[in-house]
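Here is a friendly walk through one protein model, meant for someone seeing it for the first time. Please keep the picture in view as you read.

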Amino acid sequence: KVYTDYFFDEPAYNTHDGGYVPLERLDVPEQPLNIPPLLEPDRETETDTYYTLVAQAGETQILPGAKTKTWGYNTTLLGKTIVFQKGKHIHVTLKNELPELTTFHWHGLNVSGPIVDGGCHAPVYPGETKQIDFTLDQPASTTWLHAHPCPSTAEQVWHGLAGLTIIKDDVEAKLPFPRNYGVDDVPLILQDRRFHEDNQWDYHADYDPDGVQGPTAMINGTVNPYFEVKTQKVRFRILDGANRREWRLHFSDDLEFTQIGSDGGILPAPVRLTKLMLTCAERAEIIVDFGQYHEGDVVTLFSDDMPIVNFRIGKFAPDTQVLPGHLVDIPNPEPTPGLPVKKVVMSGMDEEVMLDGQKFNMQRIDARQKVGDVAIWEITNTNQMDGGMVHPFHMHGCQFLVLSRDGHEPYPNEHGFKDTVGVNPGEVVRIKVWFTLPGVYMYHCHIIEHEDGGMMAQIEAFDPEHPQTYHLMDMDTL
Ligand code: C2O
Ligand code: CU
Ligand code: CU
């Protein structure tokens with residue numbers, strides 16, 4: 001079966017927003033797609049890997065003419081890609097060379113909160129260096145790193161503080177997937193920006209409390225990118241790294257592709273699609289088979305009706321490998337008996353956005369769940385279908401399973417681990433949540449201006465044997 005729709009509710013697409021900014025084609029020459037370089041470890045042993053991450057300001061040649069002032073991790077824009085091996089003990093030196101405080105949030109990693117996780121309680125002040133370490137115990141997946149200081153996450157991400165992180169494990173390594181980074185295993189970080197005078201970004205000029213947008217698609221930091229296809233099959237690790245924009249992806253000729261992964265890992269079975277919608281912070285890994293094309297052809301990736309990447313088909317050897325019908329086993333623990341359903345309500349739009357009827361407070365713990373308990377969470381979006389929006393619900397510190405949407409099956413590509421799920425207006429989405437590490441973790445809408453605007457709360461995952469007290473920051477001590 002090949003799915004040919006976007007699954008989400010069409011009346012809620014961002015194209016219907018009052019403030020929607022349609023994508024426009026900038027009249028600049030095509031440029032090769034930037035492939036973020038890999039971050040080299042400082043050193044590595046059998047068991048441990050050491051990195052230094054630097055949040056830095058710089059200038060990037062994005063458009064012809066003046067360079068754009070941008071921020072990045074170990075580079076001037078976005079970040080170097082970090083590849084983690086499951087099971088290794090990772091040590092990271094975090095350095096802030098920016099003129100303001102920042103945090104380093106590992107979106108999608110099951111690491112302890114609130115410090116290692118890098119949410120708002122873990123500031124690194126300008127000029128400061130901090131050390132964190134963690135051991136990764138989660139399946140191969142595509143996750144990401146972004147700034148998360150409250151309430152300026154959105155602005156810092158807009159400046160460029162977002163990078164890709166890839167987890168590898170022995171299970172994924174045995175699957176017949178392309179994995180030659182930058183050649184047939186290619187990141188696509190989807191963002192949009194508005195270029196003002198002298199090719200500069202101006203977050204405040206473009207501000208919209210429902211999410212900042214720009215008319216120019218920027219893929220891995222490249223405007224009007226092309227990519228040279230040198231193998232018949234290419235795996236794309238797609239991240240919606242935009243502050244607000246939804247991406248409705250499809251190829252020219254309605255080319256079919258196969259989704260093999262979601263936020264938190266490989267899917268239990270491949271899903272064949274011609275269309276894919278991503279809400280903010282979601283990831284999808286897909287494999288595209290260019291076998292029907294010939295050298296010199298161009299295949300285009302669109303979002304809605306706007307071309308965003310051109311694939312120039314080169315010479316490649318035929319590849320007849322077929323994907324197995326079963327990819328990985330997804331653990332599916334039974335809910336802990338006797339636990340009430342944990343209800344979460346996302347409401348409002350603009351400045352009115354709230355979570356459970358209130359705004360985020362850094363000092364308030366809104367919920368508690370025992371480490372190891374498996375709880376059903378029920379996420380409601382109270383927006384009206386008419387004029388409402390899809391709110392992407394994200395949780396730190398765990399990967400969850402989507403159980404149902406309004407009592408029905410989740411979408412066909414939601415059978416793997418997720419950390420972000422788009423909830424349609426009026427919809428009730430049930431998910432299964434468990435934490436493996438004690439800590440304080442945020443959960444929020446990932447339209448980043450909604451998060452900064454208070455559509456966020458935090459939970460303590462606790463271990464009754466080892467009660468802990470946490471030093472929670474507040475806006476004034478920041
Ligand atoms: Cu992608 Cu709270 O973060
Ligand atoms: Cu996160
Ligand atoms: Cu929202």
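Strand 23 contributes three residues to the lining of the second largest cavity, more than any other element. In this predicted model, that cavity holds about 70 Å³ of space. Strand 14 (216-219) joins strand 23 in supplying at least two lining residues each. Among the residues around the space are Leu23, Glu24, Arg25 and Leu26, together with Pro215, Thr216 and Ala217. Met306, Pro307 and Ile308 also belong to the lining. Sorted by class, the lining has eight nonpolar, two polar and two charged residues. Where does the second largest cavity lie with respect to the domains? Domain 1 (14-171) and domain 2 (176-313) both give residues to its lining, so the cavity lies between them.

The model has three cavities of 30 Å³ or more, and the largest has a volume of about 90 Å³. Its lining is made of 14 residues, and those nearest the centre are Met277, Glu282, Asn413, Glu414 and Lys418. Strand 18 (257-262), strand 20 (276-278) and strand 21 are the elements that give two or more residues to this lining. Strand 20 gives the most, with three residues. By class, the lining of the largest cavity counts seven nonpolar, three polar and four charged residues. Because domain 2 (176-313) and domain 3 (342-462) both give residues to this lining, the largest cavity lies between them.

Now to the metals. The copper ion (ligand 3) has three protein donors, His391 (ND1), Cys445 (SG) and His450 (ND1), at 2.0 to 2.2 Å. Along the chain these donors follow the spacing H-x53-C-x4-H. His391 lies in strand 28 (residues 391-395) and His450 in helix 3 (residues 448-452), so the pair ties together parts that are 59 residues apart in sequence. Both His391 and His450 are buried.

Another copper ion (ligand 2) has His105 (NE2) and His394 (NE2) as its protein donors, lying 2.0 Å from it. His105 is in strand 9 (residues 105-107) and His394 in strand 28, so this pair ties together parts 289 residues apart in sequence. His105 counts as buried because its relative accessibility is 0%, and His394 is likewise buried, with a relative accessible area of 0%.

Salt bridges come next: the model has 27 of them. Here are three, with the separation of their N and O atoms.

| Salt bridge | N to O distance |
|---|---|
| Arg235 and Glu285 | 2.7 Å |
| Glu246 and Arg248 | 2.9 Å |
| Glu295 and Lys315 | 3.2 Å |

The pair Arg235 and Glu285 meets in a salt bridge that links distant parts of the chain, with Arg235 in strand 16 (residues 233-240) and Glu285 in strand 21 (residues 283-289), 50 residues apart. Arg235 counts as buried, at 1% relative accessibility, and Glu285 is buried at 1% as well. These two are also part of a network of salt bridges that includes Glu172, Arg179, Asp185 and Arg237.

In the second pair, Glu246 is buried with a relative accessible area of 3%, and Arg248 is buried with 0%.

Are the partners in the bridge between Glu295 and Lys315 buried or exposed? Glu295 is exposed, with a relative accessible area of 51%, and Lys315 counts as exposed at 65% relative accessibility.

Definitions and conventions: Residues are numbered from 1 along each chain as its sequence is written. Chains are lettered from A and ligands numbered from 1 in the order in which they are written. This is a predicted model: local features need pLDDT of at least 70, side-chain atom pairs count only at pLDDT 80 or more; totals for chains, interfaces and linings use all residues. Side-chain values use heavy atoms; hydrogens and water are left out. A salt bridge is a side-chain nitrogen of Lys or Arg within 4 Å of a carboxyl oxygen of Asp or Glu. Helices (H or I, at least four residues) and strands (E, at least two) are DSSP runs, numbered from the N terminus. Buried means under 20% relative accessible area, exposed over 50%, partly exposed in between (1.4 Å probe, protein chains only). Donors are N, O and S atoms within 2.8 Å of the metal (3.2 Å for Na, K and Ca); water is not among the atoms, so sites may look incomplete. On a 1 Å grid over the protein atoms alone, a cavity is a set of points where a 1.4 Å probe fits but cannot get out, and a pocket is an open set with protein on both sides within 12 Å along at least five of seven lines; lining residues have an atom within 4 Å of a point. Grid points are joined across faces, edges and corners, and a volume is the space filled by probe spheres set on the points. Ala, Val, Leu, Ile, Met, Phe, Trp, Tyr, Cys and Pro count as nonpolar, Asp, Glu, Lys and Arg as charged, and the others, Gly among them, as polar. Domain bounds come from an automatic or database domain assignment.
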